[in-house]
Amino acid sequence: MAIHDHSKIVPKIDPYPKFWTKEYFRLFISHLSIDKILAQKIKDSLSYYAISGFVAHSDIEPTKEWVLEIELALNTCDSGIAIMSPKFHESKWTDQEIGAIIGQEKLIIPIRNGLDPYGFIGKYQAITYSNENKLSEEIFNILVKHEKTKMRMAYAIMSMFEASGSYRGAKINLELVKKIEYWDDILIKRLETSIDNNSKIEGSFGLPESINYLVSKL
């Protein structure tokens with residue numbers, strides 16, 4: 001686990017358009033309309049990793065100007081994935097979405113779903129889609145380690161852990177905390193005080209001891 005410059009300030013994550021889950025990592029999911037069900041399944045499974053996904057077909061209200069909503073999601077996301085299905089390149093929108101994310105120097109992760117990455121995203125290592133649960137874990141493992149995303153992921157994971165609503169959930173969420181690769185004084189303090197601030201964390205058998213041990217190693 002790498003501890004970074006403690007003088008760094010917690011990243012600003014406002015404003016929060018309501019389609020993002022507050023405090024979670026924000027991931028734009030670029031996809032063809034034929035993949036909207038798949039995109040929604042991926043979004044749902046990502047929520048277990050403190051990742052809030054944006055899927056245009058489910059997150060845009062019918063009364064909203066959808067182009068503006070997509071632009072807002074692109075401008076406020078932390079990173080993006082592209083579900084690379086056949087004819088992905090023929091879409092009017094997917095290439096522009098990818099370009100917007102890369103233009104902001106944000107990480108884009110290609111998901112190989114019958115089509116290899118091309119153009120600017122051809123340089124990125126693609127994940128081959130098998131099922132949404134395995135895919136979500138692979139996405140998480142990339143985001144929690146990558147230089148462009150590991151700080152935001154660390155804060156998202158900590159927020160989810162602090163809000164654990166059950167003893168079992170607290171134990172599951174601590175396993176994600178253990179995977180954090182970015183640490184600073186703010187995060188260490190939040191981990192340490194989580195025992196006093198959440199009864200589900202404090203009362204979960206063995207959890208306070210595990211937290212204190214982890215803190216001692218940071």
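Which residue in β4 is the bridge partner of F28? The bridge partner of F28 in β4 is G80. This pairing is a good way into the structure, which is a predicted model.

## The sheet

Let's begin with the strands. Five of them form an open sheet in the order β3-β2-β4-β5-β6, and the pairing is parallel. The edges are formed by β3 (51-54) and β6, each of which pairs on one side only. As background, strands of a sheet pair through backbone hydrogen bonds, either parallel or antiparallel.

We can now walk through some of the neighbours. Strand β2, residues 25-30, pairs with β3 in the parallel sense over four bridges, and F25 has I51 as its bridge partner in β3. Four bridges also link β2 to β4, again in the parallel sense. Moving on, β4 (residues 79-84) runs parallel to β5, and five bridges join the two. Here I83 stands opposite I111 in β5.

## Strands under cover

Strand β2 is mostly covered, with six of its six residues buried. Its side chains take two directions: F25, L27 and I29 point one way, while R26, F28 and S30 point the other way, and all are buried.

How many of the five residues of β5 are buried? Four of the five are, so β5 is largely enclosed by the rest of the structure.

## Helices on the sheet

Two helices to look for here are α3 and α4. Helix α3, made of residues 66-76, packs on the sheet and touches β2 and β3. The direction of α3 makes about 130° with that of β2.

Helix α4 covers residues 94-103 and lies across β2, β4 and β5. Relative to β2, α4 runs at about 150°.

## A buried loop residue

Now find I121, in the loop between β5 (108-112) and β6 (127-128). Is I121 buried or exposed? Its relative accessible area is 2%, under the 20% cut-off, so I121 counts as buried.

Which residues does I121 contact, leaving aside its neighbours within four places in sequence? The contacts of I121 are M84, I98, I102, I108 and P110. Of these, M84 belongs to β4, which spans residues 79-84, and I98 and I102 fall in α4, residues 94-103. The residues I108 and P110 are part of β5 (108-112). For a sense of distance, the C-alpha atoms of I121 and S204 are separated by 44 Å, and the two residues are 83 apart along the chain.

## Two helix pairs

Two packed helices are described by the angle between their axes and the distance between the axes. Take α1 (residues 36-46) and α5 (residues 132-143): they pack at an angle of about 55°, and their axes are 9 Å apart. The two are therefore oblique to each other, and α1 passes α5 in a right-handed crossing. On the α1 side, the contact is made by K41, I42, S45 and L46, and on the α5 side by E132, N133, L135, S136 and I139. These contact residues divide into four nonpolar, three polar and two charged.

The second pair is α7 (residues 167-177) with α10 (residues 207-217), packed at an angle of about 10° with axes 11 Å apart. That makes α7 roughly parallel to α10. Here A170, K171, L174 and V177 of α7 meet L207, S210, I211 and L214 of α10. By class, this contact has six nonpolar residues, one polar and one charged.

Terms used: Residues numbered from 1 in each chain as written. Predicted model: local features only at pLDDT ≥ 70, side-chain atom pairs only at ≥ 80, totals over all residues. Heavy atoms only, no water. Axes fitted to C-alpha atoms, helices over the stretch in contact; angles between N-to-C directions. Parallel < 35°, antiparallel > 145°, perpendicular 65-115°, else oblique. Left-handed = near helix turned anticlockwise from the far one by under 90°. Contact = heavy atoms within 4.5 Å. Nonpolar A, V, L, I, M, F, W, Y, C, P; charged D, E, K, R; others polar. Buried < 20%, exposed > 50% of the residue type's maximum accessible area, 1.4 Å probe, protein only. Pairing = 2+ DSSP bridges.
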